[in-house]
Amino acid sequence: MTLENNTKHLLGICGSPLGRKSKCFELLNRALTATGVDFDIAVLCEEFDVNNLQDKMRHANGFIIATPVHWFNVSWLIKRFIDEVLFPFSGEPYELEDKPVGIIAVCNEDGANQAIANIAMPLNYCGVFVPPFGTLIHNKSIPGHGEDGWQDDAESIGKQIAYYL
């Protein structure tokens with residue numbers, strides 16, 4: 001990946017089978033493009049390349065991680081990402097230290113707070129931080145949070161993370 005020296009790069013990590021079709025990532029891309037931040041999306045799938053994803057994380061200035069909520073937890077794709085991709089970063093030299101992360105949890109019921117914590121805590125041990133207003137819960141069952149009521153929040157989290165790059 002070749003970027004100009006002053007261009008900031010944000011890596012989106014999608015733990016849903018919808019991947020690039022996700023309206024959330026479309027909105028994030030639009031918001032980040034307006035701020036001059038380069039945005040790339042890594043869509044996790046059953047056979048994702050751990051080494052390639054680790055390399056992308058080393059070169060990114062920050063991250064936005066999105067997951068559906070399954071039984072009060074992250075998707076199995078995000079769980080595998082935490083176990084296989086993040087674990088090597090959890091010790092010195094802390095290659096991801098001081099990089100911001102935004103976390104988005106999409107649910108139909110409850111459990112989004114637990115899913116967000118299950119992403120934030122391992123990242124904390126890698127030196128990554130969640131800035132103020134760096135998390136978003138999109139609960140499809142709450143009026144105003146459905147597909148027509150949450151777009152501004154997705155754009156705001158992108159701008160918030162971009163601020164800390």
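A residue counts as buried here when its relative accessible area is under 20%, and as exposed when that value is over 50%. Keep that cut-off in mind, since burial comes up a lot below. The model is a predicted one.

**Helix α3 and its neighbours**

Start with α3, which covers residues 76–86. Its buried residues are L77, I78, R80, F81, I82, V85 and L86. An arginine, R80, is part of that buried set. An α-helix has 3.6 residues a turn, so residues three or four places apart point the same way. What do the buried residues of α3 pack against? They meet β1, α2 (50–59), β3 and α4. Helix α3 also takes part in a right-handed β-α-β unit, together with β3 and β4.

**The parallel strands**

Now for the strands themselves. Strand β1 (residues 9–14) is mostly covered, with 6 of its 6 residues buried. In a regular strand the side chains alternate between the two faces of the sheet. In β1, H9, L11 and I13 point one way, while L10, G12 and C14 point the other, and every one of them is buried.

Strand β1 has two pairings to look at: with β2 (residues 38–43) and with β3. Strand β4 pairs with β3 and with β5 (residues 135–139). Here is how these pairings look, with a facing residue pair for each.

| Strand pair | Sense | Bridges | Facing residues |
|---|---|---|---|
| β1 and β2 | parallel | 6 bridges | I13 and A42 |
| β1 and β3 | parallel | 5 bridges | L10 and G62 |
| β3 and β4 | parallel | 6 bridges | F63 and V101 |
| β4 and β5 | parallel | 5 bridges | I104 and L136 |

Why is β4 described as largely enclosed by the rest of the structure? The reason is burial: 6 of the 7 residues of β4 are buried, so the strand is largely enclosed. Strand β4 is also part of a second right-handed β-α-β unit, this one made with helix α4 (residues 112–124) and β5.

**The largest pocket**

If you're thinking about cavities and grids, the largest pocket holds about 450 Å³ of space. Which elements give two or more residues to its lining? They are α1 (23–35), β3 (62–68) and β4 (101–107). So β3 and β4, which pair in the parallel sense, both turn up in the lining because each gives it two or more residues.

The lining has 24 residues in total, and T67, P68, V106, C107 and K140 lie nearest the centre of the pocket. By residue class, the lining divides into 13 nonpolar, 6 polar and 5 charged.

**Helix α5**

Last stop is α5, which spans residues 151–163. Two of its residues are worth a look: Q160 and Y163.

Leaving out residues up to four places away in sequence, Q160 touches P132 and F133. Q160 and F133 are 27 residues apart in sequence, yet their C-alpha atoms sit 7.2 Å apart in space.

Is Y163 buried or exposed? Its relative accessibility is 63%, so Y163 counts as exposed. Y163 and P100 are separated by 63 residues in sequence and by 9.4 Å in space, going from C-alpha to C-alpha.

Note on methods: Residues numbered from 1 in each chain as written. Predicted model: local features only at pLDDT ≥ 70, side-chain atom pairs only at ≥ 80, totals over all residues. Heavy atoms only, no water. 1 Å grid on protein atoms, 1.4 Å probe; cavity = no way out; pocket = protein on both sides within 12 Å on 5 of 7 lines; lining within 4 Å. Points joined across faces, edges and corners; volume = space filled by probe spheres on them. Helix = DSSP H or I, 4+ residues; strand = E, 2+ residues; numbered from the N terminus. Nonpolar A, V, L, I, M, F, W, Y, C, P; charged D, E, K, R; others polar. Buried < 20%, exposed > 50% of the residue type's maximum accessible area, 1.4 Å probe, protein only. Pairing = 2+ DSSP bridges. Right-handed = clockwise from strand over helix to strand, strands pointing away. Contact = heavy atoms within 4.5 Å.
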